[in-house]
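Here are some worked exercises to try with the model open beside you. Have a go at each task before reading its solution.

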Amino acid sequence: MTQTTLDPGSARAPGPSIADTLRTDAIPAPAPLLETNYSFLGNTDLDPQRYTSKDYFQLEMDKVWTKNWQWACREEHLQDVGDNHVYDIGDFSVIIVRVDESTVKAYLNSCTHRGTRLLGATGSGYSQAFTCPFHGWSWELSGSLRHVPGRWDFPHISDETHSLKEVSCESWGGFIFINIDPNAAPLAESMDVIPEHFSHFPLHQRRIKLHVEKILPANWKAAQEAFMEAYHNFETHDSPNGANAQYDVFGSYVSRFIHNIGNYSPQSLSDYPGDKWRDPPLTEQELLSMLAVEQRPLKDGETARAVAAASMRKNLGAELDVDFSQTSDSIMLDSIEYHMFPNMFFFPGVLVPMVYRFRPLGNDVDKCIFDLMILEPIPEGADHPEPPEPIRLEIEQSYTEVEELGWLGKVYDEDTGNLQLQQQGFKIARKGITLGNYQEARIRRVHMTLDEMMEK
Amino acid sequence: MTNANYEFAAHVKDLPVGKTKCIVASDKEILLCHIAEGFFAVDNLCSHAAERLSAGKLKGHKILCPLHGAAFDVRDGCALSRPATLPLRSYGVRVEGDDILINTDP
């Protein structure tokens, strides 16, 4: 086979690349999307116990979840003084609260008297002070002690010793990040290229249109890895797109894929089973019909991609009162997905405007919580409306129950439908987990960073 | 048949989605709430420490107490989080034209 003569990782799907498509778009992509950044990361198998071992899970708790930045909520969750948000990870629980117009703080959700969790709920809340439900100790929003009933018995406490314990907290792109590590380095050190790249397609100027929180029957890594490659699109989604997706790894913390919407490469399917979408290839008219945009007969020379992007600029621009006139075809249409270690995905696109977050469900190695948000652009300078409460789905529920997801409900059911089988299969595997050199390189990068964290 | 004593509480046009209004009727304080699913009414005093929920915040279908942060579902009055454990009483609501009426004698 010809592949054996190439350096490992340098082989690509036959046919035009994503970069080729972006270069011919009617409105060109911003510079970060034209960048490619891949180098071979190795091809050894991964131990399946990474997904099933309670010992490995505990190591992750000790060395990853309690040491790394993770977004807990959006700034729009904390609009008024007293608005709070409770974020749980493993045994930890953190309260994030708006203290005054310009200050957001985060605290461990634990009483400084005898440890009781202060706010029992998770997600968004509100109060003008925090009060322990056990003995009634209370704190100001600023974390300082407000009132201790029977104070005469506690001459040995003070604000210095018994204020709420602060957790590092920073914001970026409209997200509030927390880091439980008292010695956390600044957030920017964990973001690689993200701040620079997203300066071209900012996320703060968006609002949460929909938030779905689902329990998945799989280890958090397996669940997020189902979203890190488009290699599965043909088999899992019965979709022609994705076989020629572009994958980039920007550093220890950040990777990306770009997969085109509105066109595809028939050649990239050359060794896929059957002739579907390859011989004959889809016409531009057929490609347009696969998109949720205004339909019309295409004239000679028109492409589905250009017509779909133009239609979205006009129609969605009018609907949202947002000026997309200079927004590239790629940002309008493509599935562009940045991953930030350990568990966060940000999409700068307009048709595919998602945010994902995966984290363990409590201390269960076999289950996780998948937060899916749709972030809709808002007009420049507009205020963010109050965000919707998350819609919660249990393991056995279907995404199609969420009416607002429309056609995406079926897609997310397909994406998550393999997970229980995979989690079960990990436990009986007699060999390691094998990864493609290019298409699954992002998954390998996450495991390499995990290894680096474990060695610290 | 349960008793019913629907009293005028507010005009629809004065209470947009996301807003609340405290009504005093028959010596009771009742909190009228407008959420995406419609109008609902519950006791205005928190079942935990009797703080006025009208000074709290409505988020989606939750009313949050300003004192300790207890959450209640305004659709049925259920307590959703500590320190509250007891529900709020829930009142029937009827809309007639621009008038919102509350059953103050449920």
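Two strands count as paired if DSSP finds at least two bridges between them. Keep in mind that this is a predicted model, with ipTM 0.83 and pTM 0.94. Chain B averages a pLDDT of 92, and 97% of the residues there score at least 70.

**Exercise 1. Find the partners of strand E2 of chain A, and say which residue stands opposite A:His85.**

Step 1. Locate the strand: E2(A) covers residues 83-89, and six of its seven residues are buried.

Step 2. Apply the bridge criterion to E5(A), residues 123-126: four bridges join this strand to E2(A), and the two run antiparallel. In this pairing, A:His85 stands opposite A:Ser124.

Step 3. Turn to E3(A), residues 92-100, which is antiparallel to E2(A) and joined to it by six bridges. Here A:Ile89 faces A:Phe92 across the pair.

Step 4. Look at the turn. Two residues lie between the strands of this hairpin, and A:Gly90 takes a positive phi near 60°.

**Exercise 2. Work out whether A:Arg445 is buried or exposed, and list its contacts beyond its sequence neighbours.**

Step 1. Place the residue: A:Arg445 belongs to helix H13 of chain A, residues 441-455.

Step 2. Count C-beta atoms. The cut-off for a buried residue is 20 or more others within 10 Å. A:Arg445 has 22, so this residue is buried.

Step 3. Set aside neighbours within four places in sequence; A:Arg445 is then in contact with A:Leu41, A:Val249 and A:Ser255.

Step 4. Follow two of these contacts into a hairpin. Strands E12(A), residues 246-249, and E13(A), residues 254-259, pair antiparallel over four bridges, and four residues make the hairpin connection from E12(A) to E13(A). Within the pair, A:Gln246 is opposite A:Ile258.

**Exercise 3. Explain why the buried residues of helix H12 of chain A line one face, and find what they pack against.**

Step 1. In H12(A), residues 419-426, the buried residues are A:Leu419, A:Gln423 and A:Phe426.

Step 2. Look down the helix axis: these residues fall within an arc of 60°, so they line one face of H12(A).

Step 3. Their packing partners in chain A are strand E11 (206-216), helix H6 (220-225), strand E17 (364-377) and helix H11 (408-417).

Step 4. Connect this to the largest nonpolar core, which has 86 residues; A:Ala223 is among those with the most contacts inside it. E17(A) gives the most to this core, with six residues. Residues touching A:Ala223 include A:Leu419, A:Phe358 and A:Phe370.

**Exercise 4. Describe the open sheet of chain B and the side of chain B that touches chain A.**

Step 1. Write the strand order: E2-E3-E4-E8, four strands with antiparallel pairing. The edges are E2(B), residues 20-25, and E8(B), residues 90-91, since each pairs on one side only.

Step 2. Take one pair in detail. E2(B) and E3(B), residues 28-35, are antiparallel over six bridges, and B:Lys21 stands opposite B:Leu32.

Step 3. Tally the contact between the chains: 16 residues come from chain B and 15 from chain A. The chain B side consists of seven nonpolar, six polar and three charged residues.

Key:
Residues are numbered from 1 along each chain as its sequence is written. Chains are lettered from A and ligands numbered from 1 in the order in which they are written. This is a predicted model: local features need pLDDT of at least 70, side-chain atom pairs count only at pLDDT 80 or more; totals for chains, interfaces and linings use all residues. Two residues are in contact if their C-beta atoms, placed from the backbone, lie within 7 Å. Ala, Val, Leu, Ile, Met, Phe, Trp, Tyr, Cys and Pro count as nonpolar, Asp, Glu, Lys and Arg as charged, and the others, Gly among them, as polar. A residue is buried if 20 or more other C-beta atoms lie within 10 Å of its own, exposed if 12 or fewer, and partly exposed in between; C-beta atoms are placed from the backbone. The arc is that of the directions from the helix axis to the C-beta atoms. A nonpolar core is a set of buried Ala, Val, Leu, Ile, Met, Phe, Trp, Tyr and Cys residues joined through C-beta atoms within 7 Å. pLDDT is the predictor's confidence in each residue, from 0 to 100.
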